[in-house]
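Biologist: I'd like a close look at one single part of this model, along with whatever surrounds it. Please take your time and spell out your cut-offs as you go.

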Amino acid sequence: MLSRIVGGVKPGLALNIKSPWTLAKYTRPFATVGGNTPRVPPAPPRTRATPISHDRATFTIRDGPVFSGKSFGAAANISGEAVFTTSLVGYPESLTDPSYRGQILVFTQPLIGNYGIPSAARDENGLLRHFESPNLQAAGVVVADVAEQYSHWTAVKSLGDWCAEEGVPAVSGVDTRAIVTYLREQGSSLARITIGEEYDADQDEAFVDPEQINLVRKVSTKAPFHVSSGTGDFHVAVIDCGVKENILRSLVSRGASVTAFPYDYPIHKVAHHFDGVFISNGPGDPTHCQDTVYHLRRLMESSQIPIMGICLGHQLLALAAGARTIKLKYGNRAHNIPALDLTTGRCHITSQNHGYAVETSSLPSDWKEYFINLNDSSNEGIVHTSRPIFGTQFHPEARGGPLDSSYLFDTYLESVSRYKKSQAIFQPERENRPSPLLVDLLAKERVGVVPTTGMENLMRMGEAGEEAARAARAA
């Protein structure tokens, strides 16, 4: 895959590259990297911002109730899966979480937007400080009341301005209590947001079900990218199914440089160049990722490398082990869900965002349940009985907190350290630190990821307008 990236190397440097890691065998006299280099992100994609729409807005649940309110985001009509979160804070992090791709997010917290939206500032590793991805990921936003005036020292814009810039419709002035009661009783449902139009029952046939789409393909990087750590010498391969910025930060800050691969990359073919493999979170039905499951199964059959998975990554790990996943009635989306560690008997308050879960009864004999949800008894983690492989359904890295379970990253990197030391005994010449040339050539940010549905619609509208203008000028 990287042979295409390396195609830009100056003429005269002939490389016969069969693998990305063949690059480590070559040196480049004029390379600009002597070690870890600062992560310089590419320029952000040009967006087509629209003014905030304050028109009438309708939130319609398919075969269910219709709620009328007021728009405070983009003037765009969308459909998706309606889900709810009981989180009190952290709406910038939630809305930029790629796991919400294709979903209309309903907030149970009555007032949203009071501390505005922070800037897209980046930390010393080039990772976003306040967001989990560069763009707003949810298809739509529904709140009871929105704060049009915000107050916080990090804020640079309002929630409404942000939604309009990102092409995402948002609705306020609706009874979110009634919406959540319906979703809890009937389960997550398809819904629509319509701006400036009366409800038309005939439009029910136009509902789009994001569960029928491979959403991971939309949010995963299309080519490898690299994030260097200046504090350690581990090198971890991340399978990017929609990885959150704070997952990368949690690894890099603990001394692990990260190379992220597309979700369907044959990771078993290059795993021997790394000290660990990590499977990220992501949106949608895990059974859409059959290539990922196959590659993970091959990896576990051929390597003893430590593996950790979070959220969707946890589910994919279970599928690769031979277990099954199930769709929950309305999922778990909050920052205050209790999960019990079955190995210690301790309870942790966790952040969660998922609509699927692992069916514990389907786990093979060499796997056991690690955590359980104390609200609904669903599975929250699995662990291999004899190998350094485990996954958690919840998010131990949650940027908006809580951080009760962040120690799991330390647990994972302790196993990475042991594996690295054991490999050094048998292979003294083994060196898994990324080569300076490789770091220089790889992208430093997700590659080719298209913004959310609302922005896609705006971009198409803009392109159609430009085409019409060109046609008018030609006439």
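Modeller: I'll start with one helix, then turn to its surroundings, and end with a second region for contrast.

First, the ground rules: this is a predicted model, so local features need pLDDT of at least 70 and side-chain atom pairs count only at pLDDT 80 or more, while totals for chains, interfaces and linings use all residues. Residues are numbered from 1 along each chain as its sequence is written, and side-chain values use heavy atoms, with hydrogens and water left out.

My pick is helix α8, residues 312–321. Helices (H or I, at least four residues) and strands (E, at least two) are DSSP runs, numbered from the N terminus. With 10 of its 10 residues buried, α8 is largely enclosed by the rest of the structure. Buried means under 20% relative accessible area, exposed over 50%, and partly exposed in between, using a 1.4 Å probe and protein chains only. The buried set includes polar names too, among them His 314 and Gln 315, alongside Leu 312, Leu 316 and Leu 317.

Look at both ends. Cys 311 sits in the loop between β16 (307–310) and α8. Its phi is positive, about 60°, although Cys 311 is not a glycine. Most residues other than glycine have a negative phi. Cys 311 is also buried, at a relative accessible area of 2%. After the helix comes Gly 322, again with a positive phi, near 110°.

Now the packing. The largest nonpolar core has 34 residues, and Val 277, Ile 307 and Leu 316 have the most contacts inside it. A nonpolar core here is a set of buried Ala, Val, Leu, Ile, Met, Phe, Trp, Tyr and Cys residues joined through side-chain atoms within 4.5 Å. At least two residues each come from β13, β15, α7 (290–302) and α8, and α8 gives the most, with seven. Leaving aside neighbours within four places in sequence, Leu 316 touches Cys 241, Ile 279, Pro 286, Cys 289, Thr 292, Val 293 and Leu 296, where contact means heavy atoms within 4.5 Å. A second, separate core of 29 residues includes Val 238, Leu 248, Ala 256 and Val 416.

Zoom out to the sheet. Ten strands form an open, mixed sheet in the order β12-β14-β13-β15-β16-β21-β20-β19-β17-β18; two strands pair if DSSP finds at least two bridges between them. β12 (225–227) and β18 (347–359) are the edge strands, each pairing on one side only, and the twist averages 20° from one strand to the next. Within this sheet, β20 (379–384) and β21 (389–392) run antiparallel and are joined by three bridges, with Gly 381 opposite Thr 392. Helix α9 (407–426) lies across several strands, including β13, β16 and β21, at about 120° to β13. Axes are lines fitted to C-alpha atoms, for helices over the stretch in contact, and angles run from 0 to 180 degrees between N-to-C directions.

For contrast, there is a closed barrel of seven strands, β1-β2-β10-β7-β4-β3-β11, with mixed pairing. Asp 63 is in its β1–β2 loop, and it too has a positive phi of about 60° without being a glycine. Asp 63, though, is exposed, with a relative accessible area of 69%, whereas Cys 311 is buried.
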